[in-house]
Amino acid sequence: AVVSTQSTGMTYRVGHHSTSDDSTAYRSIDEVNYWHKEDSPVGRVGRFLGMSELWDDEKQKVFAKECRREVMSAFNEAESTRKPSPYLMFDDVYSEPSQQLSEQRAKLADHLAKYGEHYDLDKYDS
């Protein structure tokens, strides 16, 4: 038998729009915390699965442990990989670099030549 299920994926943006947006200027932290903890889409799906006896606390613990192991493994691999060259941000912006972009790249080169000892440049590709 085929069982059809419909779920609404409506959500609430708990984070800021961007790093320059302070959403606490137009909404309270209590409001954000409510939506994040009490009515998140993940929580709603979890409650639905629990009521349907498709998920339980033990399955959740095992799943969370597996996820943490995978994330930490990926994190450790990323941490041991050399970082991309700081100059990479200037590549592939335009088919031909603009004068302003070339000037910015030159300023970065000057800055790193002058203050390079303050950065772990050996951890970056050149």
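Is Lys123 buried, partly exposed or exposed? With a relative accessible area of 43%, Lys123 is partly exposed, a class that lies between buried (under 20% relative accessible area) and exposed (over 50%), with a 1.4 Å probe and protein chains only. The structure is a predicted model, in which local features need pLDDT of at least 70 and side-chain atom pairs count only at pLDDT 80 or more, while totals for chains, interfaces and linings use all residues. Residues are numbered from 1 along each chain as its sequence is written, and side-chain values use heavy atoms, with hydrogens and water left out.

Lys123 also leads into the charged pairs. Side chains of opposite charge can pair when their charged atoms come close. Here a salt bridge is a side-chain nitrogen of Lys or Arg within 4 Å of a carboxyl oxygen of Asp or Glu, and five salt bridges are counted by this rule. In one of them, Lys123 meets Asp120 at 3.6 Å, N to O; Asp120 is partly exposed at 47% relative accessibility. Asp39, Arg44 and Arg47 are joined into one network by salt bridges that share partners.

A further salt bridge pairs Arg82 with Asp125, and their closest N and O atoms are 3.1 Å apart. Because Arg82 lies in the loop between helix 3 and helix 4 and Asp125 in the segment after helix 4, this pair ties together parts that are 43 residues apart in sequence. Helices are taken as DSSP runs (H or I, at least four residues), as are strands (E, at least two), numbered from the N terminus. Both partners are partly exposed, Arg82 at 44% relative accessibility and Asp125 at 38%. Asp125 appears again beside Ser85, a residue of the loop between helix 3 and helix 4 (99–115). Leaving aside residues up to four places away in sequence, Ser85 touches Asp125 and Ser126, where contact means heavy atoms within 4.5 Å. Ser85 is buried, with a relative accessible area of 14%.

The loop between helix 3 and helix 4 holds Asp91 as well, whose salt bridge with Arg105 has its closest N and O atoms 3.3 Å apart. Arg105 lies in helix 4, so the pair ties together parts that are 14 residues apart in sequence. Asp91 is partly exposed at 38%, and Arg105 is partly exposed at 33%.

Turning to the aromatic side chains, a pair of rings is described by the distance of the centres and the angle of the planes. Rings of Phe, Tyr and Trp (its six-membered ring) pair if their centres lie within 6.5 Å, with planes under 30 degrees apart counted as stacked, over 60 as edge-to-face and the rest as tilted. Three aromatic pairs are counted by this rule. Tyr12 and Trp35 are stacked, at 5.2 Å centre to centre and 10° between the planes. This pair links distant parts of the chain, 23 residues apart, with Tyr12 in the segment before helix 1 (29–38) and Trp35 in helix 1. Trp35 is partly exposed, with a relative accessible area of 30%. The rings of Trp55 and Phe63 have centres 5.9 Å apart and planes at 80°, so they form an edge-to-face pair. Trp55 is partly exposed at 29%, as is Phe63 at 43%. Ring pairs also link Tyr12, Tyr34 and Trp35 into a cluster.
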